[in-house]
Structures are given as C-alpha cells and as structure tokens.
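Subject: Structure handover

Hello,

Here are the sequence and the structure we spoke about. My notes follow below.

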Amino acid sequence: MEIVYNGEKDSRMFNAVIGGTIDALMKEDEKVVWLDADLMGCSGTAKGQGERYINCGIAEANMIGIAAGLCASGMKPYAHSFGPFASRRSYDQVFLAGAYAKNPITVIGTDPGITAAFNGGTHMPFEDMALYRAIPEAIVYDITDVPMLVDALRKAKDLPGVTYIRVPRKASFQVYADGTSFTPGKGAVVREGKDALIVASGIMVHEAMQAAKALAEDGIEAAVIDPVTVKPLDAELIREWAKKTGVVVTAENHNKIGGLTSAVADALIGMPLKFGHVAVEDVFGEVGPQDYLRERFDLTCDHICRVVKELKA
Amino acid sequence: MTQEQVKKLQEFALQIRIGTVECIKSRGFGHIGGSLSVADALAVLYGSVMNVDPKNPKKPDRDKLVCSKGHAGPAVYATLALKGYFPYEKLMTLNQPGTDLPSHCDRNKTTGIDMTTGSLGQGTSTAVGMALGDRLQGRDCRTFLIVGDGEIDEGQVWEAAMFTAAKKLTNLVWLVDWNKKQLDGYTKDILDTGDLEKKFAAFGFDACTIDGHDVEKLYEALTRKAQDKPIAIILDTVKGKGVKAVEETMKNHSMTVGPEVFDEWLKELYDRQKAMNA
C-alpha cells in the first residue's frame, strides 16, 4: 500500500467525491440506487439525475426500510443522512429490515463526531460506530481520506453485510495513493516504529501522524496503524505490532465506549502491554468550530503525544 | 365471480383457519386473534389474485406479500403450506427449537415468505422498497402489504404511506386489518386511530372500506386496477374470526390454552367444513 501522506490538506471535498463516485456507479451498475433524507445538498448528490436518485424526505426510518426492500428486490441501495440519523434515528430499521433480514444495504453517515461542528450536540454522533459494531455481520468504515472513501463506496454495494461508512463532508489529509484498493478487515501500516503503536481511524490518522513526527523528535519511534474498518477489525495486524512495541494508544473521533478503543482493547485482551486511548470521554457533543472542538474533546496530536509519553515513562 | 369460485375461496379460507389453529395448537400458544382475522384476505390473495408459483418461489416478477403484522405468521404459514410451498406437517414445528416457522415472518427461514417482519411498522417501508424496486426494474407485478390497525400507531407507517402516495406507487396495495383490537385492548381505548379510510384518503390514497371476511368483496377490491392513486383497503374484520370462543375472548391477541380447547376450536371449524361440503 503506497502511503503519500505529507501533512498537507487535500483540495478535494469528501461530499463532492461522494457525488462523483455515486454518479459513476450509477452508470456502471443499473442496480445502484441513492436514497437521501432531504440532505442531497449535503451529500454532494443534489445534481444526480434520474429515477434512481430518490429523496425520501425527512424520514430516515422509512428511508432505511425502503433501502432494505429495494435490496430484497435485487437493487443495490445506498442511503445517506447525517451520522446521528443514519445510526440512532433508524437503528431498529438498519438492524432488522437491513441486517437481520439479510438485506445488505449501505448506509453513509456524514459529519461524524466533532466534524458536525456548527450543527452542535444534537448532530454530533460519538456513538454511531458503537451502534453499528453491535450489529452482527456489519462492516464499519471510519473514512480517513478520499482514496479510502472512493474504494469503500465502490465495494460496499457488493459486500455481504450491512455496511456503514462514516465520513466527514469537508476536505481531509490524503494518506493513501489514489486508486488504492482496501479490503474490509485489513488494516494499513501507515508508519512503522518500534517504541509505540498508535491505532487511529478517520480524521485521527492525521493527528496520529503528526504525533508520531513529534514523538520522533523526542526519540520515540511510533508506528501508526489505520484499521480501515473498525469492524471487522484487523486484530492480527494490531496484535503483531502491539507485540513489537509493547505500548498501544488508540485515537478516535468517537466515544471511548464501543468504538475503536473498545475494539482494539478486545483484540489485545491477555497481552502483556501498556494501553491508553485518545477518544471522547463519554460525554455529549457541543457546538463550535472544529478546531475548538478538537481541543475541547482532546482529539489532538498533542494529547496523543502526552498519552504515549505517559505510558513510556 | 361464479358461485363455484366464491365457494372455493370460502373453503380455502376455512382450510387456512384450520391450518392456523393446528399450527398454534402444536406449540400450545400463539397469536391466534390477528391470524384468524386475515385468513379471508390471505385466501383471496393466494387463492385467486396473486401471480405466484410455489415451485418457483423467488421468481422475480411474482406478486409479493409483506405481512407487516408479522405475528400473523401462523396464518401465512398455513396459506403457504396449503399452496404447496412446503409440506403441511411443517406447520406443527411452529416455534420449536431450530424451526423454519418462527412466531414472526422470516424471509430467510420460510419458503414463500417475501419479507421479514415483526418489529411493527417496518414492513410498510420494506414493502415500499420492494414495489419501488419492481418498478425500477420494469417488472409487471404488485406487492400486497398487510398492516395491523394496532401497528398503525407506529409513525413509520405514516412515513411509508406518505411516500407511497407521493411517489405514486400504484403497484403497492395497502390492506389494513381493522380488527379493532391490539394487545392491550380496543384500539379506540389504547390510541384511537380515528377514521382510517379518511386518513388514508387524506394521505393521497384511493381508499375504501370493505367487509374483510367477504371473499367476493375482497376479490373485487384486490383485482381493481389502481389509476393515478395507490389503493388502500380497510378490512373491516373481527379479531379471532371463525372460532366463536376466540372471537368472544377479550384478550385474544395471543392465547395459551390446553389441547382439549384447541380440539373444540378445530371441531367447530371441521363441522363448518362438513356443512360446506354437504
């Protein structure tokens, strides 16, 4: 896997990439359907043409049920809303009409965690990964960059389980080369290092890379692993690097309960090592600029450095 | 409809009721009331209206049924068994460990079940999706959706109803089993649904109310071609219809009785069958 991370912001907006990718998929596969809940203007699909772009109105539970029914009739539906509504608001529908009834729909939840910024606490899901992880056979992506998003969208329509793609709307820091192919359950070693392992997902991969750079200046060589999918989790890869380093710190834009931290802790049970986390400390979200929220919830490279150093001390 | 056709459907409905009671008797308890109230609708749907093939149960252009009141599973199972989707004896495995016939309909377990239901309200949206999928794929077929009048408390039902009318899904037919009772008592006491026909008409449906136990009326309503509005049929029914003791039991949503009681119920149905064939 080719790593192209250079710490500079990608000029591409995630939602524009969603719109473009779905448009291409529509042309390639006549079974593809896009469902939205009055948020096409946010998901980048507002210019979508044709009867396979379906606006369900502000009715997420109905939208997910329709997606499941479309699936049963042989279509390949993608359903989008903001993260809280794509998870909490429609959870029983995703769980039963989707997963339990074996209708492997794809759900896209935008504005995960602090990226909800000015929409505030009501719109700020710190629990969406926890909810989706609890669904048997579900596949949970915490999107890191544009190539990962494109690949996830392309593959999701043919994956066997309900697939949840949590992705911000705005720009990201590119980590992987364009055209990179990912496999659900296969993590990526973004940086090698012998002294500590940082397992980071989504927007926290950039923070982890910045932290690793700073730690190196203090003589601590930290490895960074991006799990790509938080479920299934590449436990084998994480255990291998945990064994090499003896110190593991997770970094996620999510409640420490039920997300990446929990998943990695599960994977490491029984291993003799030091473990720490950088995650939301089981509190509700709040409104504000993303930079403020990053500091407010300690989702920063500085905090990752602090936690690693404490464990190394 | 000829008198012979009417009689045939009445007989089929009676057989469905017998199968339903035998199915529930095998376990000693089950959702008897709401199963018996939809027996006539199921008889007309599977007996003369729906284009289905038990030998090819997943044929893409078949007509489909979503029994959103998933607890009416026993009645649907009896219908499918009688149609030859699976052996009749299988009905006696209801809710046994490892069974293919759970309390609530499951498309992955039971041959002939088109959609998994049980969490009330959800079958409305999945039925919408199935009908929409058929339309997008150019299939000439219909989806029939059975909703309970208690189930209609769920907000999702009205989201799906609004969508059905707004997107002119005329290949989806709504049937509301207006049997007037839900688990805790009369719907008018629990959460009054008001005038269902008016509600559906206001939501943009071509709505009507018919005697849900009259096979001729059912046939007429279910074979009518939808024009520019989707069809909603309010079925005026009796919860527990066909077994006097069940009809007269106030709390008949789910009943647990001894085998001798089930046998009395069956005797009543068998006697009616004999009288019909006399």
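To begin with a single residue: is T110(B) buried or exposed? T110(B) has a relative accessible area of 3%, and because anything under 20% counts as buried, T110(B) is buried. Please keep in mind that this is a predicted model, not an experimental one.

T110(B) sits in a loop of chain B, the one that runs between α4 (73-83) and α5 (122-136). Leaving aside residues up to four places away in sequence, T110(B) touches Y77(B), F86(B), D100(B), L101(B) and P102(B). Of these contacts, Y77(B) falls within the range of α4 (73-83).

Chain B as a whole

Chain B contains 11 helices and 9 strands. Its C-alpha trace spans about 50 × 45 × 40 Å along the principal axes. The radius of gyration of chain B is 17 Å; a compact globule of 278 residues would come out near 19 Å, so the value agrees with that description. Buried residues account for 56% of the 278 residues in chain B, and T110(B) is one of the buried ones. Taking the contacts in chain B with a separation of 6 or more, 75% are between residues 24 or more positions apart.

The interface of chain A and chain B

On the chain A side, 28 residues are in contact with 23 residues of chain B. Between them the two chains bury about 1,900 Å², and carbon and sulfur atoms carry 57% of that area. Three residues, N62(A), I66(A) and S73(A), supply 25% of the area that chain A buries against chain B, more than any other three residues.

As for polar terms, the rule finds 0 salt bridges across this interface. It does find 15 residue pairs in polar contact there, with both residues at pLDDT 80 or more.

Which elements of chain A each supply at least two residues of the side that touches chain B? They are β3 (53-55), α3 (60-72) and α5 (91-100). The largest share, 9 residues, comes from α3(A). By residue class, the side of chain A that touches chain B divides into 14 nonpolar, 8 polar and 6 charged residues. Charged residues are therefore present on that side of chain A, while the count of salt bridges across the interface is 0.

Regards

Note on methods:
Residues are numbered from 1 along each chain as its sequence is written. Chains are lettered from A and ligands numbered from 1 in the order in which they are written. This is a predicted model: local features need pLDDT of at least 70, side-chain atom pairs count only at pLDDT 80 or more; totals for chains, interfaces and linings use all residues. Side-chain values use heavy atoms; hydrogens and water are left out. Contact means heavy atoms within 4.5 Å. Buried area is the accessible area (1.4 Å probe) that two parts lose on being put together, summed over both. A salt bridge is a side-chain nitrogen of Lys or Arg within 4 Å of a carboxyl oxygen of Asp or Glu. A polar contact is a pair of N or O atoms within 3.5 Å; within protein, one must be able to donate a hydrogen and the other to accept it, and residues adjacent in sequence count only if both atoms are side-chain atoms. Helices (H or I, at least four residues) and strands (E, at least two) are DSSP runs, numbered from the N terminus. Ala, Val, Leu, Ile, Met, Phe, Trp, Tyr, Cys and Pro count as nonpolar, Asp, Glu, Lys and Arg as charged, and the others, Gly among them, as polar. The radius of gyration is taken over C-alpha atoms; the globule rule is 2.2 Å times the number of residues to the power 0.38. Buried means under 20% relative accessible area, exposed over 50%, partly exposed in between (1.4 Å probe, protein chains only).
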